[in-house]
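The following exercises concern burial, contacts and strand pairing. Each task is followed by a solution in steps.

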Amino acid sequence: MKHFEANFDGLVGPTHNYAGLSFGNVASQSNAALTSNPKDAAKQGLKKAKALADMGMVQGMLAPQERPDLHTLRRIGFSGTDAEVLQKAAQQAPALLQACCSASSMWTANAATVSPSADTRDGKLHFTPANLVDKLHRSIEPSTTGNILKAIFADSRHFHHHEHLPEHPSFGDEGAANHTRLCSDYGRAGVEVFVYGRAVTSQDMPAPKKYPARQTLEASQAVARLHQLEDDNTVFMQQNPDVIDQGVFHNDVIAVGNQNVLFYHEQAFLHTQEKLAEIQRKMDTDMHFIEVPTAKVGVQDAVKSYLFNTQIITLPNGEMAIIAPTDCEENAAVHAYLTELVTFNTPIKKVHYFDVKQSMQNGGGPACLRLRVAMNEAELAAVNPNVMMNDALFSRLNQWVDKHYRDRLTIADLADPQLLVESRTALDELTQIMKLGSVYQFQR
Ligand SMILES: N=C(N)NCCC[C@H](NC(=O)CCC(=O)O)C(=O)O
């Protein structure tokens with residue numbers, strides 16, 4: 001049976017904006033209050049997804065969430081008509097309104113952790129939506145994320161869905177952004193590497209001092225238990241707290257893996273050599289550990305350019321390619337490194353650059369925009385086909401964006417009741433295009 005790694009990219013929602021909501025995420029904070037362009041943002045994402053489909057990759061799209069989130073605003077005490085709720089929230093608690101308007105679900109690397117069936121004891125593909133408790137605006141995503149994943153991966157003979165972890169900082173879970181699956185072949189049992197920022201139950205372990213560590217060891221262990229992984233195919237590594245304090249708020253900002261390649265910065269982890277040896281011991285093939293030294297690319301350049309928030313994909317011809325943001329091309333040190341990398345003796349042979357600047361300005365690169373789901377043919381055949389990227393879906397979604405999205409959005413616009421109407425109209429139509437059923441609160 002054939003096996004694939006599919007990428008499911010987050011479709012950028014109609015309220016994409018720059019509110020500076022993510023403390024510890026340098027781009028989000030430094031671009032706060034910029035005017036955004038939701039239409040461009042959605043189209044940049046669609047272009048990247050379509051380009052991967054055209055390279056022969058299996059590519060799907062995940063629907064955005066309902067924003068402004070009137071359900072949450074009402075839950076925290078704003079009442080009246082929808083327009084009144086928006087107006088009162090804007091006047092009395094603008095930060096809460098902004099949190100309820102973020103299009104942050106576009107970064108589907110944070111949607112869930114996914115374990116392919118080759119790794120799990122029950123032989124099913126497991127999903128656990130991330131609770132994202134560290135940030136208010138993200139903590140309101142997991143229930144709808146679960147609805148969307150269930151609407152796409154519906155067949156219980158193949159797919160096993162879990163509830164998100166308890167909503168407490170002890171179980172801070174950021175999903176696939178802190179999880180990398182390594183394997184010799186997508187269909188063979190691999191090694192699932194969970195990278196955490198702090199451990200709650202061992203207070204003497206190092207932790208960042210300035211910025212939050214969003215992922216806990218306890219959350220990673222809980223997901224590994226839920227997904228029925230064996231000790232022999234899991235590795236838990238700690239992220240270097242010093243790099244979290246330099247803006248590496250997720251591990252996928254400093255490391256990325258694919259099959260037998262782990263591409264990471266010299267300063268990414270703690271106890272690096274010991275942990276890499278454990279990975280190698282548990283793998284059934286030789287690993288390529290590609291370590292980028294600080295002397296070639298400093299942490300600041302890595303954070304600015306998102307060198308490691310790149311996708312490493314295996315093309316149908318077996319070669320690997322890197323999908324990088326154009327910001328990597330514009331940074332001299334990073335561009336020089338990538339140009340050299342493809343000449344090394346590793347499976348990575350090409351780099352493709354994509355303009356995803358609307359997302360990058362909020363700290364989301366190509367890898368943040370996608371959730372990886374390794375599947376076999378039978379599982380792929382059970383996926384809702386209406387979310388899979390092809391010529392028809394690409395042109396349908398571009399038309400949909402043209403019809404419903406604004407090309408300019410400021411923070412002040414978030415209270416505009418018309419934006420709510422536009423957003424709901426767009427999402428209602430999208431659920432019909434993607435045949436998702438009623439996944440949103442406003443449809444229930
Ligand atoms: N690295 C991965 N996988 N994902 C990137 C997520 C970026 C996101 N930015 C934001 O949520 C900013 C929203 C704002 O400020 O308006 C975050 O910090 O959670």
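**Exercise 1. Determine which residues H250 contacts outside its sequence vicinity, and whether H250 is buried or exposed.**

Step 1. Leaving aside neighbours within four places in sequence, H250 is in contact with E174, A177, N178 and R214; two residues are in contact if their C-beta atoms, placed from the backbone, lie within 7 Å.

Step 2. H250 counts as buried because it has 28 C-beta neighbours inside 10 Å. A residue is buried if 20 or more other C-beta atoms lie within 10 Å of its own, exposed if 12 or fewer, and partly exposed in between.

Step 3. H250 lies in the loop between α9 (241-244) and β9 (255-258). Helices (H or I, at least four residues) and strands (E, at least two) are DSSP runs, numbered from the N terminus.

Conventions for all exercises: residues are numbered from 1 along each chain as its sequence is written. The model is predicted, so local features need pLDDT of at least 70 and side-chain atom pairs count only at pLDDT 80 or more, while totals for chains, interfaces and linings use all residues.

**Exercise 2. Place E174 in the fold and relate E174 to the UniProt "active site" annotation.**

Step 1. E174 is found in the loop between β5 (159-161) and β6.

Step 2. With 31 other C-beta atoms within 10 Å, E174 is buried.

Step 3. Under the same sequence exclusion, the contacts of E174 are N110, A130, L132, R214, Q215 and H250.

Step 4. An unreviewed UniProt entry lists E174, H250 and C368 for "active site". These residues are spread over 195 residues of sequence, yet cluster in space, with a largest C-alpha distance of 11.1 Å. UniProt positions are given in the numbering used here, feature names are shortened, and annotations may be inferred rather than shown by experiment.

**Exercise 3. State the strand order of the open sheet of 3 strands and explain why β2 and β15 stand at the edges.**

Step 1. The order is β2-β1-β15, with mixed pairing; two strands pair if DSSP finds at least two bridges between them.

Step 2. β2 (59-62) and β15 (370-376) each have a single partner strand, so one side of each is left without a neighbour in the sheet.

Step 3. β1 (residues 3-10) pairs with β15 in the antiparallel sense over 7 bridges. D9 stands opposite R370 in β15.

**Exercise 4. Identify the contacts of Y186 beyond four places in sequence.**

Step 1. Y186 lies in the loop between β6 (179-182) and β7 (191-196).

Step 2. Its contacts are H3, F4, E5 and A374.
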